[in-house]
Amino acid sequence: MSGVAINVERWKQADTVLLDIGDRLTQLAHDSWKGETFQELIAAFPEETRKDAATLVAHVEDLTAKDIKAIYLKQLQGKLWKRGYESGEITTPLFPDVVPTLSAWRAHSKRLAIFSSGSVEAQQNFFKYIEVDPSSTETDSGTKSTTQDLNPDFVGKFDTVTAGPKVVKESYEKICNALNTTPEKVVFLTDNVKEAVAATSAGVYTIVVDRPGNAPLNEADYQSFPVIRQLPDIPI
């Protein structure tokens with residue numbers, strides 16, 4: 001399917017790459033549904049939303065779409081991550097291309113930032129426990145680590161509270177101001193076309209990332225935005 005080519009010059013002039021980390025909750029709910037820790041952490045949700053993983057995720061998506069800041073949702077986005085990650089029961093698996101590509105971008109003077117529907121606290125835990133091959137890391141005590149902290153790699157993290165809804169252009173303008181840059185110098189990577197439309201309307205150059213498991217794209221999407229399958233598809 002033909003589509004829009006990446007604007008290499010726009011990419012080269014960018015000083016910041018804004019990333020959407022996607023919906024980690026969906027994967028966690030399905031993978032950890034029967035786990036005691038996960039069930040304890042969603043105990044505050046209304047009983048009718050805890051029938052199964054799909055029902056819970058649908059409820060969370062409904063709250064997010066309506067911008068309803070339920071207390072129990074914030075607890076899930078914060079305490080779940082903290083307890084789950086610190087106990088070692090939850091780590092963050094990333095596609096194999098992500099860590100080396102982010103490192104390469106930073107080496108080419110690109111700043112990295114995050115805009116996610118998950119709280120900033122959840123983002124901190126998400127990136128603090130990135131799953132890695134133990135043979136490739138070693139702690140100060142000489143033991144092998146199964147996780148890596150990527151938080152120092154990011155100059156900013158934003159959520160729908162600090163920046164605003166992800167489908168509104170003003171949110172992206174606010175992020176650019178907070179990062180002391182202009183929309184023309186920011187590239188946004190997302191798997192959500194509605195977010196891509198909002199960012200583009202703010203003047204931010206947007207690339208859609210089509211990973212396995214994402215919502216399918218249609219012909220109009222391919223004709224509206226450059227689409228990549230993996231991060232190295234963007235020429236450095």
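When I say contact today, I mean heavy atoms within 4.5 Å of each other. With that in hand, here is an opening figure for our chain: among contacts with a separation of 6 or more, 65% are between residues 24 or more positions apart. And please keep in mind that what we are looking at is a predicted model.

Let me give you the overall picture. The protein chain has ten helices and eight strands. Of its 236 residues, 45% are buried. The chain exposes about 12000 Å², and carbon and sulfur atoms supply 51% of that.

Let's start with strand β1, residues 16-19. Which of its faces are covered? Both are: Thr16 and Leu18 are buried on one side, and Val17 and Leu19 are buried on the other. As for partners, β1 pairs with β2, residues 111-115, in the parallel sense, over four bridges. In that pairing, threonine 16 stands opposite arginine 111. Strand β6, residues 186-190, also runs parallel to β1, and four bridges join the two. There, valine 17 stands opposite valine 187.

Now step back to aspartate 15, in the loop between α1 and β1. This residue counts as partly exposed because its relative accessibility is 22%, and the cut-off for buried is under 20%. Leaving aside residues up to four places away in sequence, aspartate 15 touches Ser109, Lys110, Arg111, Thr181 and Lys185. Its C-alpha is 8.3 Å from that of valine 187, although the two are 172 residues apart along the chain.

On to helix α6, residues 98-107. Its buried residues include Val98, Thr101, Leu102 and Trp105. Why do we say these four share a side of the helix? Because they cover an arc of only 100° around the axis, they sit on the same side of α6. For anyone who wants the general rule: an α-helix has 3.6 residues a turn, so residues three or four places apart point the same way. And what do the buried residues of α6 pack against? The list is α1 (8-13), β1, β2, β5 (154-158) and β6.

There is another piece of chain to mention here: leucine 231, in the segment after β8 (227-228). Leucine 231 is buried, with a relative accessible area of 7%. Not counting residues up to four places away in sequence, its contacts are Asp97, Val98, Thr101, Leu102, Trp105, Leu189 and Arg211. If you measure C-alpha to C-alpha, leucine 231 and valine 99 are 9.8 Å apart, with their positions 132 residues apart in sequence.

Next, the backbone. As a reminder, most residues other than glycine have a negative phi. Just after α6, serine 109 has a positive phi of about 65°. Serine 109 lies in the loop between α6 and β2, and is exposed, with a relative accessible area of 61%. You may remember Ser109 as one of the residues that aspartate 15 touches. Asparagine 180 also has a positive phi, near 55°. Its place is the loop between α8 and β6, and with a relative accessible area of 72% it is exposed.

Last topic: aromatic rings. How many aromatic pairs does a search of the whole structure find? Seven. One to look at is the pair of tyrosine 172 and phenylalanine 188, which is tilted, with 5.2 Å centre to centre and 55° between the planes. This pair links distant parts of the chain: tyrosine 172 is in helix α8, residues 169-178, and phenylalanine 188 is in strand β6, 16 residues apart. Are these two buried or exposed? Tyrosine 172 counts as buried because its relative accessibility is 1%, and phenylalanine 188 counts as buried at 0%. Together with Phe115, Tyr172 and Phe188 form one aromatic cluster.

Two rings also have a charge over them. Lysine 166 lies over the face of phenylalanine 115, 5.4 Å from the ring centre. Over the ring of phenylalanine 95 sits the charged end of arginine 211, 4.2 Å from its centre. Arg211 is also among the residues that leucine 231 touches.

If you take one thing back to your desk, take strand β1: its residues are buried on both faces, and it has parallel pairings with β2 and with β6. Thanks for listening, everyone!

Methods: Residues numbered from 1 in each chain as written. Predicted model: local features only at pLDDT ≥ 70, side-chain atom pairs only at ≥ 80, totals over all residues. Heavy atoms only, no water. Buried < 20%, exposed > 50% of the residue type's maximum accessible area, 1.4 Å probe, protein only. Pairing = 2+ DSSP bridges. Phe/Tyr/Trp six-rings, centres within 6.5 Å; stacked < 30°, edge-to-face > 60°. Lys NZ or Arg CZ within 6 Å of the ring centre and 35° of its normal. Areas by Shrake-Rupley, 256 points an atom, 1.4 Å probe, with all protein chains shown as cover. Arc of directions from axis to C-beta.
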